[in-house]
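Visitor: I am new to this structure and would like a close look at a single part of it. Please take the cysteines, and then show me what lies around them.

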Amino acid sequence: MSTYVEKSNYNAGENLSKQKVMASSKPTLCEPCREGKVNNMTINIETKIKINVMKKPISDMICLMDGRILVVEWYGKVYQLTSNGKLDKQLKIPGEASNVTQINQDTIAINYPSEKVIKIFNMKNKRVTKVIKLDSPCWGLSFSNNSLAVSLFTGEIRIIDLEGNILRSIVKGCDSTRDFLVYCNDRVIYSDRYGKAVYCINASGQQIWQYTQDLEGPKGLCTDNYGNIIVADYESDRIIVISKDGQNSKVLINKEDGLENPHRICFNRNASSCFTCHSWGSYLAEFDITYG
């Protein structure tokens with residue numbers, strides 16, 4: 001295993017000085033809402049990090065509460081990175097993982113599509129504490145309000161408690177799986193790569209809004225401390241921010257800035273920064289977000 005870090009450069013082939021991009025959207029809530037204007041939001045590229053360890057494409061990535069990063073290979077292993085993106089270690093969890101979400105400071109949940117299960121893993125004790133069995137392969141996974149939202153192969157988004165009890169089924173009969181979703185405040189926000197859209201639905205499955213502007217193939221998404229949705233638009237090589245109501249948006253970074261195939265994206269709530277990654281994990285890129 002080896003890690004290479006290149007400071008203040010984003011493009012793999014050429015030097016790129018720090019970029020500042022202005023975004024216009026409204027402060028919203030996923031965390032408790034604060035007053036603040038985000039129309040003068042800026043993005044500052046900090047580092048590009050090459051990691052020569054991934055054997056498979058990356059299927060998920062999250063920032064933990066303490067700033068560390070977890071990266072999951074597609075049907076593969078789970079890796080822990082330091083807060084600045086350097087490879088730390090592999091988590092010794094048996095099985096072929098797909099998606100991950102954090103439950104509390106020491107506990108994460110990981111889904112295993114082939115096994116049709118979600119495993120609850122204690123990072124401090126380094127052991128699986130519970131296995132939740134499902135009736136279908138599962139992909140997208142997100143934790144909020146003491147419950148998990150999981151996307152099933154059948155097209156259903158199911159809300160379950162940590163014992164595996166079904167609380168509600170909010171969507172059924174979809175013609176595609178929702179690999180990339182965020183669950184917060186009884187809402188699910190998910191991307192549809194082939195439909196070129198991002199959707200927000202409520203706990204009853206009713207659509208609150210649909211966003212299609214500027215999108216060509218959205219994949220990973222996350223929310224910032226104001227509830228804005230930050231989307232990795234894989235097909236157009238862009239990162240786009242969308243306001244909570246789906247009405248306002250801004251292209252933050254694009255191919256001309258050196259961005260290449262952004263696949264997953266995660267937000268560090270303590271540092272107000274983001275990481276995005278190439279689909280094969282050939283790089284991680286860190287950028288700071290400020291709100292003026």
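Guide: Searching the whole structure, which is a predicted model, turns up zero disulfides. Cys 200 is in no disulfide, and the nearest cysteine sulfur, that of Cys 184, is 7.8 Å away. A disulfide is counted when two cysteine sulfur atoms lie within 2.5 Å, so the 7.8 Å between Cys 200 and Cys 184 does not qualify. Cys 200 is buried, because its relative accessibility is 1% and the cut-off for buried is under 20%.

Cys 222 is in no disulfide either; its nearest cysteine sulfur belongs to Cys 274, at 4.4 Å. That 4.4 Å also fails the limit of 2.5 Å, so the pair is not a disulfide. Cys 222 has a relative accessibility of 7% and therefore counts as buried.

Cys 274 leads on to the largest nonpolar core, which has 20 residues. Cys 274 is among the residues with the most contacts inside this core, along with Ile 230, Ile 265, Phe 287 and Ile 289. Strands E3 (41–51), E21 (229–233), E22 (238–242), E23 (249–253), E24 (262–268) and E26 (284–290) each give two or more residues to the core. Ile 289 touches Cys 274 and Ile 230, and its other contacts include Met 41, Ile 43 and Phe 267, leaving aside residues up to four places away in sequence.

Strand E24 also takes part in the lining of the largest pocket, where it supplies at least two residues. Strands E4 (58–63), E8, E12 (138–144), E16 (181–184) and E20 (218–223) each do so as well. The largest pocket holds about 760 Å³ of space. It is lined by 34 residues, and the closest to its centre are Cys 63, Thr 101, Ser 142, Phe 143 and Arg 269.

Another cysteine has thus come up, Cys 63. Cys 63 is touched by Gln 102, which lies in strand E8 (residues 99–104). Gln 102 also touches Phe 143, and its further contacts include Ile 62, Leu 64 and Met 123, not counting residues up to four places away in sequence. Gln 102 is buried, because its relative accessible area of 12% is under 20%. A polar atom of the Gln 102 side chain lies 2.9 Å from the backbone oxygen of Asn 104, and the side chain of Gln 102 reaches the backbone oxygen of Gln 105 at 3.4 Å.

Note on methods
Residues are numbered from 1 along each chain as its sequence is written. This is a predicted model: local features need pLDDT of at least 70, side-chain atom pairs count only at pLDDT 80 or more; totals for chains, interfaces and linings use all residues. Side-chain values use heavy atoms; hydrogens and water are left out. Helices (H or I, at least four residues) and strands (E, at least two) are DSSP runs, numbered from the N terminus. Buried means under 20% relative accessible area, exposed over 50%, partly exposed in between (1.4 Å probe, protein chains only). A polar contact is a pair of N or O atoms within 3.5 Å; within protein, one must be able to donate a hydrogen and the other to accept it, and residues adjacent in sequence count only if both atoms are side-chain atoms. Contact means heavy atoms within 4.5 Å. A nonpolar core is a set of buried Ala, Val, Leu, Ile, Met, Phe, Trp, Tyr and Cys residues joined through side-chain atoms within 4.5 Å. On a 1 Å grid over the protein atoms alone, a cavity is a set of points where a 1.4 Å probe fits but cannot get out, and a pocket is an open set with protein on both sides within 12 Å along at least five of seven lines; lining residues have an atom within 4 Å of a point. Grid points are joined across faces, edges and corners, and a volume is the space filled by probe spheres set on the points.
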